[in-house]
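Reader: I'd like a close look at one helix pair in this model, with the cut-offs spelled out. Could you walk me through it?

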Amino acid sequence: TLRAAFGHAIGRAQWEQVARIKDVYGDLLFTAPIVAVNVAHPLLKEMLAELLRPGRKFTFLCGHDSNIASVNAALGVETYELPQAIEKKTPIGCKLVLEKWADDEGRLFVALNLVYQSPEQLRGLTMLNVGNPPVVFPLQINGLTPNADGLYVLDDLTARFQQAIDAYNEIPE
């Protein structure tokens with residue numbers, strides 16, 4: 001910890017203050033509405049296509065914290081502060097995970113979560129497994145209501161994706 005803090009002994013609260021600078025910087029660069037729909041546009045189109053691709057079991061798209069920030073802003077994800085994280089918006093190595101679910105009647109739903117390691121897991125280089133799982137934080141989307149299981153109706157979420165994709169075309173030239 002002393003090496004990372006350039007020889008100064010600082011605690012978790014101080015690390016969180018340092019990380020807040022990164023979070024605010026990311027927000028300024030990537031989450032203004034017009035910027036978010038512009039920056040996230042290609043990724044939103046790809047995510048929507050993968051979400052709707054018949055028979056798709058798994059898709060992995062890799063990006064950066066800027067991608068997560070812009071996609072979340074474009075989709076209207078409510079403001080959040082992540083628990084068990086020093087960086088409250090996009091911790092090191094976080095993943096935006098969309099899981100498609102079907103109920104007994106065949107209706108489709110989507111879970112939208114940020115998944116990340118706690119600082120202790122990162123620092124300790126501990127293997128993630130059933131006994132040592134990552135932190136899973138459900139995201140809330142403005143204007144959409146999740147069901148009792150925290151899942152969004154697939155059609156509602158795809159409409160939100162399309163709304164964000166269409167917003168790109170409304171940006172003045």
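Reader: To get my bearings, in what order do the elements of the chain run from the N terminus on? Then please zoom in on how α2 and α5 pack.

Author: Sure. This is a predicted model, where local features need pLDDT of at least 70 and side-chain atom pairs count only at pLDDT 80 or more, while totals for chains, interfaces and linings use all residues. Residues are numbered from 1 along each chain as its sequence is written, and side-chain values use heavy atoms, leaving out hydrogens and water.

From the N terminus on, the order is α-α-α-β-β-α-β-β-α, which comes to 5 helices and 4 strands (DSSP runs numbered from the N terminus: H or I of at least four residues for helices, E of at least two for strands).

Now the pair. Helix α2 covers residues 33–52 and helix α5 covers residues 154–169. Their axes sit 9 Å apart, at an angle of about 145° (axes are lines fitted to C-alpha atoms, for helices over the stretch in contact, and angles run from 0 to 180 degrees between N-to-C directions).

Who touches whom? On the α2 side you'll find V37, N38, H41, L44, K45, M47, L48, L51 and L52; they meet L154, L157, T158, F161, Q162, A164, I165, A167 and Y168 of α5, contact being heavy atoms within 4.5 Å. Those contact residues split into 13 nonpolar, 4 polar and 1 charged (Ala, Val, Leu, Ile, Met, Phe, Trp, Tyr, Cys and Pro count as nonpolar, Asp, Glu, Lys and Arg as charged, and the others, Gly among them, as polar).

Zooming back out, 62% of the chain's contacts between residues at least 6 apart in sequence join residues at least 24 apart. The C-alpha atoms fill a box of roughly 55 × 45 × 25 Å, taken along the principal axes.
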